[in-house]
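Please read the structure below from the whole chain inwards, moving from its overall dimensions to its domains and then to its sheets.

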Amino acid sequence: MQINAHTRMIGIIGYPVRHSLSPLMHNAEFRRLGLNLVYLAWEVAQPALPLAIRGLRALGAVGFNVTVPHKQAVVAELDELSEEAKVIGAVNTVRFENGRAVGYNTDAEGWREDAELEVPLKGATVSIIGAGGAARAVAVGACQAGAAKLIICNRRFETAETLGELIAHFFPHVQVSWSSLCGDRCRELIRSSQIVINATPIGMADKGGTPIPTEWLIEGQFVYDTIYTPAETQLLREARQRGCRVRNGIGMLVRQGAKAFELWTGLKPDIQSMIATVEHALSTSTTSHQNPSAVRSA
Ligand code: NAP
């Protein structure tokens with residue numbers, strides 16, 4: 001598609017944002033489907049967030065994605081939230097609907113769909129390492145899919161407790177436990193799970209390391225790392241060597257994007273072609289989106 005007087009805007013607001021793969025992923029799909037849309041990346045510092053959103057609304061943007069550090073702060077600027085966004089307390093997708101800014105969170109569904117390609121979540125015992133934004137989305141996704149038990153292990157005990165209490169409130173049928181990220185209790189909780197998810201930045205390309213000692217893992221467990229650079233973190237490599245099934249976070253990234261795409265266009269994008277776009281960009285590019293310390297989400 002050529003950009004012309006009818007082209008409408010979508011984009012991502014973050015700070016930093018130049019690492020984002022979302023413009024590549026969405027623009028490739030807009031072109032493939034012949035949609036007169038363009039997806040841009042907008043680096044917006046915290047104080048300018050309200051002004052940026054007012055500007056996008058006034059300019060007739062279709063909507064936008066939100067990434068670090070605005071996922072929670074953006075909530076105060078919106079007119080309405082989806083149920084998921086309310087529970088998670090964060091928004092990654094906004095759609096302007098008749099002039100109203102409506103916030104959604106597609107991370108939970110994106111993760112759930114991706115994980116369920118490997119294992120059923122219904123009835124499972126699921127351990128999440130971390131209690132930040134990604135962990136919240138994964139926790140909600142797992143509970144919505146019918147997980148029986150949810151375990152949250154985090155460096156700061158209080159944050160694990162806050163997330164644990166939130167989940168217990170919204171999903172009373174799920175048995176929730178939490179622990180700090182060390183010691184015998186954490187090890188036993190992890191060992192009792194069928195599914196273990198890393199939702200911390202430990203293992204990203206510049207840092208390496210594993211969020212838990214991999215001796216804790218048991219053959220046959222499914223280990224999911226929300227990180228996607230590197231494609232195989234130390235956690236996934238060692239888990240695989242121990243006989244675990246493993247999966248990285250590319251599918252979560254793409255599927256949360258695909259959900260957002262559907263919200264904006266009403267059309268289903270081709271997931272496989274979005275995955276191919278992202279994998280190609282990760283494998284070939286030396287541009288700033290490979291800056292590992294900046295690669296976080298969306
Ligand atoms: P966040 O809100 O800042 O949360 C970070 C979490 O990691 C917190 O629980 C924090 O624990 C823990 N943590 C950070 N450094 C640690 C360390 N050195 N040792 C132990 N725990 C540590 O970040 P987020 O948005 O949840 O993102 C977390 C990761 O998820 C990102 O790095 C990214 O790779 C991944 N992610 C992937 C996708 C995807 O689409 N694939 C989407 C979103 C995020 P404390 O509470 O103790 O500080």
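The secondary structure of the chain amounts to ten helices and twelve strands, where helices (H or I, at least four residues) and strands (E, at least two) are DSSP runs numbered from the N terminus. The radius of gyration, taken over C-alpha atoms, is 19 Å, close to the 19 Å that the globule rule gives for 298 residues, so the chain is as compact as a globular protein of that length; the rule itself is 2.2 Å times the number of residues to the power 0.38. This is a predicted model, in which local features need pLDDT of at least 70 and side-chain atom pairs count only at pLDDT 80 or more, while totals for chains, interfaces and linings use all residues. Residues are numbered from 1 along each chain as its sequence is written, and side-chain values use heavy atoms, with hydrogens and water left out.

Taken along the principal axes, the box filled by the C-alpha atoms of the chain is roughly 60 × 40 × 35 Å. Of the 298 residues, 53% count as buried, that is, under 20% relative accessible area, with exposed meaning over 50% and partly exposed in between (1.4 Å probe, protein chains only). Among the contacts (heavy atoms within 4.5 Å) with a separation of 6 or more, 70% come from residues 24 or more positions apart.

The chain is divided into domain 1 (8–106 + 252–288) and domain 2 (108–250), with bounds that come from an automatic or database domain assignment. Their C-alpha centres lie 25 Å apart, and the contact takes 16 residues from domain 1 and 22 residues from domain 2.

One open sheet has six strands in the order 2-1-3-5-6-4, with mixed pairing; two strands pair if DSSP finds at least two bridges between them. Strand 2 (37–43) and strand 4 (80–81) stand at the edges, each with a single partner strand, so one side of each is left without a neighbour in the sheet. Helix 1 (residues 22–33) packs on this sheet, touching strand 1 (8–14), strand 2 and strand 3, and its direction makes about 170° with that of strand 2; axes here are lines fitted to C-alpha atoms, for helices over the stretch in contact, and angles run from 0 to 180 degrees between N-to-C directions. Helix 2 (residues 49–58) also packs on the sheet, where its contacts include strand 5 and strand 6 (100–104).

Within this sheet, strand 1 and strand 2 pair in the parallel sense over seven bridges, and Ile13 has Trp42 in strand 2 as its bridge partner. Five of the seven residues of strand 1 are buried, so this strand is largely enclosed by the rest of the structure. Strand 3 (residues 63–66) and strand 5 (residues 93–97), by contrast, pair in the antiparallel sense over three bridges, with Gly63 opposite Arg95 in strand 5.

Another open sheet of six strands follows the order 9-8-7-10-11-12, with parallel pairing. Its edge strands are strand 9 (175–180) and strand 12 (245–247), each of which pairs on one side only, and neighbouring strands are turned by 15° against each other on average, direction ignored. Strand 11 (residues 222–225) pairs with strand 12 in the parallel sense over three bridges, and Arg245 in strand 12 is the bridge partner of Phe222. Helix 8 (residues 234–241) packs on this sheet, touching strand 10, strand 11 and strand 12, with its direction at about 165° to that of strand 11.
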